[in-house]
Amino acid sequence: QKDMKTFTLEEVGKHDSKEKGIWVTFGQGVYDITEFVDKHPGGSSKIMMAAGGSIDPFWMMFANHNTSEIHSLLESMRIGNISEEDAKSNKSNLYDPYANEPVRHKALKINGNKPFCAEPSPSLLVESFLTPVPFFYVRNHLPVPEIELKDYTLELAIEGTTKKTLDFKALNKYEKRTITAAVMCGGNRRSEMSKVKQLKGINWNVGAVGNATWTGVRLCDVLKDLGVNEDAFNHVQFEGYDLDPSGMPYGASIPISKAIDPRADVILAYEMNGETLSQDHGFPVRVIVPGVVGARNVKWLSKINISKEESQSQWQQGDYKGFSPSTTWNNVDFNKSPAIQEMPVVSAICDPQDTDTIEIKNGKIQVKGYAWSGGGRKIIRVDVTNDKGKTWHTADLTEDLQANEGRHWSWSLWNVELPVDKKSREVEIWAKAVDSSYNVQPESFNNIYNIRGLLCNAYHKIKVQLKQ
Ligand code: MTE
Ligand code: MO
């Protein structure tokens, strides 16, 4: 590296397009990333923000780049150096956008720090029907924005043109509503799918889900007041107050049919489990779209835009989509898959956990978990086996008894006693849930594998040791 060519920042800056070549700096290194841009897992538009400049602040913000694989990938594209002085002046512009993040509970297992991503342990998860806020998983894509209630505004726009701006008080004029709903990340249980083949994404165990009450106002009431002609538009877009280094907010959208349907229970929530929304979960206002993948439940809501188009954000267009198991990063076309909205049926065994050693009581073992399906579909049964499907035992369910037909937004907790052979040292346990459309989980991850590790809903299979 020492004997490589030295470039000035000005020279690097000229290389900011496909035609002129795309160069970036990192530390003192200069890299030609022209060929790599289209293969960037975070989307080409994201990496292009750094074209001709330093990627250091981006990697500070998206600290998941800090792995040896990614560093050596970058080094393979190195073409030279900038001078030591230039590297220093680049560095002095850096500040840590994560310096003021909220304090989190120690029980959360951290899957990523910048942005913060964490989940509770499986056994803690099924201790209560409503997930206590400190134990509710956190999935942030950007630094947490700091918002003062007195300064909070929510912009309401139709096709990009602002029609109204509400402050927190104005929002509270709408009728107060409470729903109980689970929120689940599209990548929940990814760690199991990743055993099939390498994939990209946070290595979630089974805890990227939680169940809570959400209090706020109904989106359909706010939209009605706005006077939206629902036949003229197709999507309702949301933006958050969390911004990337170029000032682009987190964004997502849902179909307008969902947004205006009073029975879809879409809520602009300001309370979670009866308390003011916490900073990590979207203070002061987030949207809860029950039955729909977590990514559309936009936190720190800044803007609602009624549009003919979906959100154009990276998270709607270039992420949170499913693919064939044969799709690779070289041939993937994100335009060909629709954005994930309603989630498929899923279940997980939470207690015991894989590799645990457990006790037999009266010839039986106790098994607990959760099950959930998207679109308001009720969990009608959870089947559990410890002989690879020769015998299925039906679990007892704890569910939201108040939920109406087609509006089963909560998860169901389940427990079952399985008879075991006293002589066996190890048992393998499988669980699968059935929803009210008689959808069932696929048996294995092999044939639902996808490069982003989303929609990980195969049977949950664990092995435990029996105490002799
Ligand atoms: N909203 C904003 N503004 N920014 C985000 O990064 N993450 C989304 C969604 N809403 C996100 C967001 C994703 S991918 C998920 S899974 C859920 O929030 C997580 O919600 P939670 O952190 O409250 O559990
Ligand atoms: Mo997510």
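Colleague: By class, which residues make up the lining of the second largest pocket?
Modeller: Happy to start there, keeping in mind that this is a predicted model. The second largest pocket encloses about 540 Å³ of space, and 21 residues line it. By class, that lining splits into eight nonpolar, six polar and seven charged residues.

Colleague: Which residues lie closest to the centre of the second largest pocket?
Modeller: The lining of this pocket has 21 residues to choose from. Those closest to the centre are Glu192, Lys195, Asp354, His460 and Lys461.

Colleague: Which element gives the most residues to the lining of the second largest pocket?
Modeller: Two elements give two or more residues each to that lining: α8, spanning 190-193, and β27, spanning 460-466. With four residues, the one that gives the most is β27.

Colleague: Let's turn to enclosed space. How much space lies in the largest cavity?
Modeller: Counting those of 30 Å³ or more, the structure holds three cavities. The largest has 19 lining residues, and Arg139, Arg286, Gly294, Asn297 and Lys299 are the closest to its centre. Its lining comprises ten nonpolar, five polar and four charged residues. The space in this largest cavity comes to about 230 Å³.

Colleague: And by class, what does the lining of the second largest cavity have?
Modeller: About 70 Å³ of space lies in that second largest cavity. Its lining includes Trp372, Trp409 and Trp411, along with Arg377, Lys378, Glu399 and Asp400. His408 and Ser373 are also among the lining residues. By class, the lining has four nonpolar, four polar and four charged residues.

Colleague: Now the strands, please! Which are the edge strands of the open sheet of five strands?
Modeller: The strand order in this open sheet is β10-β9-β18-β13-β14, and the pairing is mixed. From one strand to the next, the twist averages 20 degrees. An edge strand here pairs on one side only, and that picks out β10 (161-167) and β14 (249-255).

Colleague: In β18, which residue is the bridge partner of isoleucine 158?
Modeller: Strand β9 covers residues 153-158 and β18 covers residues 301-307. The two run parallel and are joined by four bridges. For isoleucine 158, the partner in β18 is isoleucine 306.

Colleague: Last one: at about how many degrees does helix α9 run to β18?
Modeller: Helix α9 takes in residues 219-226. The helix lies across β9, β10, β13 (235-243) and β18. Relative to β18, helix α9 runs at about 60 degrees.

Definitions and conventions
Residues are numbered from 1 along each chain as its sequence is written. Chains are lettered from A and ligands numbered from 1 in the order in which they are written. This is a predicted model: local features need pLDDT of at least 70, side-chain atom pairs count only at pLDDT 80 or more; totals for chains, interfaces and linings use all residues. Side-chain values use heavy atoms; hydrogens and water are left out. On a 1 Å grid over the protein atoms alone, a cavity is a set of points where a 1.4 Å probe fits but cannot get out, and a pocket is an open set with protein on both sides within 12 Å along at least five of seven lines; lining residues have an atom within 4 Å of a point. Grid points are joined across faces, edges and corners, and a volume is the space filled by probe spheres set on the points. Ala, Val, Leu, Ile, Met, Phe, Trp, Tyr, Cys and Pro count as nonpolar, Asp, Glu, Lys and Arg as charged, and the others, Gly among them, as polar. Two strands pair if DSSP finds at least two bridges between them. Axes are lines fitted to C-alpha atoms, for helices over the stretch in contact, and angles run from 0 to 180 degrees between N-to-C directions. Contact means heavy atoms within 4.5 Å.
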